[in-house]
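Me: I have a structure open and do not know where to begin. Could you take me through how to read its features, one at a time?

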Amino acid sequence: MKNRITDLRAERGWTQAELAQRVGVSRQTINAIETGKFDPSLPLAFRLAKLFDLRIEALFLDE
């Protein structure tokens with residue numbers, strides 16, 4: 001599943017580790033989500049969307 005996390009994170013000047021800490025996961029999890037190797041759980045997707053003040057549909061794009 002494609003997503004906008006890399007761009008949104010970069011706009012805020014956050015590292016993967018900083019984003020991971022904000023949503024309570026490892027940096028490796030953020031990396032895997034950003035590279036499309038892992039789709040987040042629904043609760044994690046909601047935490048990410050809330051953090052970026054977006055709807056889940058605006059954060060994750062259906063391929």
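Reply: Start with a term: a residue is called buried when its relative accessible area is under 20%, and exposed when that area is over 50%. Keep in mind throughout that this is a predicted model.

Me: Which residues of helix α4 are buried?

Reply: Helix α4 covers residues 42-51, and its buried residues are L44, A45, L48 and A49. Viewed down the axis of α4, these residues fall within an arc of 135°, so they line one face of the helix.

Me: Why do residues three or four places apart point the same way in an α-helix?

Reply: An α-helix has 3.6 residues a turn, so residues at that spacing point the same way. In α4, the face turned away from the buried side carries the exposed residues L42, P43, F46 and K50.

Me: What do the buried residues of α4 pack against?

Reply: Their partners are the helices α1 (5-12), α2 (16-23), α3 (27-34) and α5 (56-59), together with the strand β2 (60-61).

Me: How many helices and strands are there in the protein?

Reply: The protein has 5 helices and 2 strands. Read from the N terminus, the order of elements is β-α-α-α-α-α-β.

Me: Which residues of α3 are buried?

Reply: In α3 they are I30, A32, I33 and E34. The cover over them includes β1 (2-3), α1, α2, α4 and β2.

Me: Take one residue of that helix. Is I30 buried or exposed?

Reply: I30, in helix α3, has 1% relative accessibility and therefore counts as buried. To see what surrounds a residue, set aside the residues up to four places away in sequence; I30 then touches Q16, L19, A20, V23 and V25. A separation along the chain can also be set beside one in space: I30 and I56 are 26 residues apart along the chain, and their C-alpha atoms are separated by 16 Å.

Me: Q16 appears among those contacts of I30. Where is Q16 found?

Reply: Q16 is in helix α2. With a relative accessible area of 14%, Q16 is buried, because the cut-off is under 20%. The side chain of Q16 makes a polar contact with the side chain of R27, at 3.2 Å. Leaving aside neighbours within four places in sequence, Q16 is in contact with R9, R27, I30, N31 and E34.

Me: What about strands? Which strand holds N3?

Reply: N3 has its place in strand β1. Its relative accessibility is 18%, so N3 counts as buried.

Me: What does the side chain of N3 reach?

Reply: The side chain of N3 reaches the backbone nitrogen of I5 at 3.0 Å. A polar atom of that side chain also lies 2.8 Å from the backbone oxygen of I33. Apart from neighbours within four places in sequence, the contacts of N3 are I33, E34, L59 and F60.

Me: Now the backbone. Which residue just after α3 takes a positive phi?

Reply: That residue is G36, with a phi of about 80°. Just after α4, D53 takes a positive phi of about 55°. D53 does so although it is not a glycine.

Me: Where does D53 lie?

Reply: D53 is in the loop between α4 and α5. At 68% relative accessibility, D53 counts as exposed, because the cut-off for that is over 50%.

Me: How should I read the protein as a whole? What radius of gyration does it have?

Reply: Compare the value with what a compact globule would have. For 63 residues that would be near 11 Å, and the protein has 10 Å, which agrees. Along the principal axes, the C-alpha trace spans about 25 × 25 × 20 Å. Of the 63 residues, 33% are buried. The accessible surface comes to about 4100 Å², and 50% of that belongs to carbon and sulfur atoms.

Me: And how can contacts be read against the sequence?

Reply: Take the contacts between residues at least 6 apart in sequence: 53% of them join residues at least 24 apart.

Me: Which residues does the UniProt annotation cover?

Reply: The unreviewed UniProt entry places "domain: HTH cro/C1-type" on residues 5-59. In the model, that span is 69% helix and 0% strand, and its end C-alpha atoms lie 7 Å apart.

Key. Residues are numbered from 1 along each chain as its sequence is written. This is a predicted model: local features need pLDDT of at least 70, side-chain atom pairs count only at pLDDT 80 or more; totals for chains, interfaces and linings use all residues. Side-chain values use heavy atoms; hydrogens and water are left out. Buried means under 20% relative accessible area, exposed over 50%, partly exposed in between (1.4 Å probe, protein chains only). Helices (H or I, at least four residues) and strands (E, at least two) are DSSP runs, numbered from the N terminus. The arc is that of the directions from the helix axis to the C-beta atoms. Contact means heavy atoms within 4.5 Å. A polar contact is a pair of N or O atoms within 3.5 Å; within protein, one must be able to donate a hydrogen and the other to accept it, and residues adjacent in sequence count only if both atoms are side-chain atoms. UniProt positions are given in the numbering used here, feature names are shortened, and annotations may be inferred rather than shown by experiment. The radius of gyration is taken over C-alpha atoms; the globule rule is 2.2 Å times the number of residues to the power 0.38. Accessible areas come from the Shrake-Rupley method with a 1.4 Å probe; for residues, only the protein chains shown count as cover.
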